[in-house]
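Biologist: I'm new to this one and would like a close look at a single part. Could you walk me through the second helix and whatever it packs against?

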Amino acid sequence: MKKLISSIIGAFFLIVLLVTVYFVNSISNDFKNSDAFASVIELIEKNQTIIPVINKQFEVSYFIGGDLNSEVAHFNFRVYSQKRKFVVYVDLERNQSDLWEIVDFEAIEK
């Protein structure tokens, strides 16, 4: 009887874990495919930040946190570049031309 109960509890936690990973992955992919995030990546690629990038060689972490709606966006993610790691926090707003404008960009080396 104890094995049955522990199996049910284990299965419940496994299902909750899988559902959580699915939704986090889905949200992260929505962030990565947004115009707001593309403008942040473009800024990093053009070396207009403190993150050193040579020949566009850098990686962005798999999971991206934050908030995205039609007027404002907030992202936090990791960037791996030339043996250095950075945690990036970005705030964006839509301007009058309906383009994303970076309001605040902070990259902290870890």
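**A close look at helix α2**

Modeller: Let's start with a salt bridge: Glu42 pairs with Lys46, and their closest N and O atoms are 3.0 Å apart. Keep in mind that this is a predicted model. Glu42 is partly exposed, because its relative accessibility is 41%, while Lys46 reaches 51% and counts as exposed. In general, side chains of opposite charge can pair when their charged atoms come close.

Now for the helix itself. Helix α2 covers residues 35–45, and after it comes Asn47, which has a positive phi, near 60 degrees. Within α2, the buried residues are Ala36, Phe37, Ser39, Val40, Ile41, Leu43 and Ile44. As a rule, an α-helix has 3.6 residues a turn, so residues three or four places apart point the same way. What lies over the buried residues of α2? The cover includes helix α1 along with strands β1, β2, β3, β4 and β5.

That brings us to the core. The largest nonpolar core has 20 residues, and Ile44, Ile51, Phe75, Phe77, Val79, Val88 and Leu92 have the most contacts inside it. The elements giving it two or more residues are α2, β3, β4 and β5. Among these, α2 gives the most, with five residues. It's a common theme that in soluble globular proteins nonpolar side chains tend to be buried together.

Ile44 is a good residue to click on. Leaving out residues up to four places away in sequence, Ile44 touches Thr49, Ile51, Val53, Phe58, Phe77, Val79 and Phe105. Follow that last contact to Phe105, which sits in strand β5, residues 100–109. Phe105 is partly exposed, because its relative accessible area is 22%. With the same near-in-sequence residues left out, Phe105 touches Val40, Leu43, Ile44, Thr49, Ile51, Val88, Tyr89 and Val90. Tyr89 is 16 residues away from Phe105 in sequence, yet their C-alpha atoms are 5.9 Å apart.

Next, the rings. The count of aromatic pairs comes to six. One of them is Tyr22 with Phe23: the ring centres are 5.3 Å apart and the planes meet at 75 degrees, so the pair is edge-to-face. Back at our helix, Phe37 and Phe75 have ring centres 5.5 Å apart and planes at 80 degrees, so they are edge-to-face. This pair links distant parts of the chain, with Phe37 in α2 and Phe75 in strand β3 (residues 72–81), 38 residues apart. Are Phe37 and Phe75 buried or exposed? Both are buried. Ring pairs also join Phe37 and Phe75 with Phe31 and Phe77 in a cluster.

Finally, back to the charges we began with. The whole structure has three salt bridges, and the one between Glu42 and Lys46 has company. Arg84 and Glu109 meet through their side chains at 2.9 Å, N to O. Arg84 is in strand β4 and Glu109 in strand β5, so this bridge ties together parts 25 residues apart in sequence. Arg84 is partly exposed at 33% relative accessibility, and Glu109 is partly exposed at 43%. Arg94 and Asp98 also form a salt bridge, at 3.7 Å, N to O.

Key
Residues are numbered from 1 along each chain as its sequence is written. This is a predicted model: local features need pLDDT of at least 70, side-chain atom pairs count only at pLDDT 80 or more; totals for chains, interfaces and linings use all residues. Side-chain values use heavy atoms; hydrogens and water are left out. Helices (H or I, at least four residues) and strands (E, at least two) are DSSP runs, numbered from the N terminus. Buried means under 20% relative accessible area, exposed over 50%, partly exposed in between (1.4 Å probe, protein chains only). Contact means heavy atoms within 4.5 Å. Rings of Phe, Tyr and Trp (its six-membered ring) pair if their centres lie within 6.5 Å; planes under 30 degrees apart count as stacked, over 60 as edge-to-face and the rest as tilted. A nonpolar core is a set of buried Ala, Val, Leu, Ile, Met, Phe, Trp, Tyr and Cys residues joined through side-chain atoms within 4.5 Å. A salt bridge is a side-chain nitrogen of Lys or Arg within 4 Å of a carboxyl oxygen of Asp or Glu.
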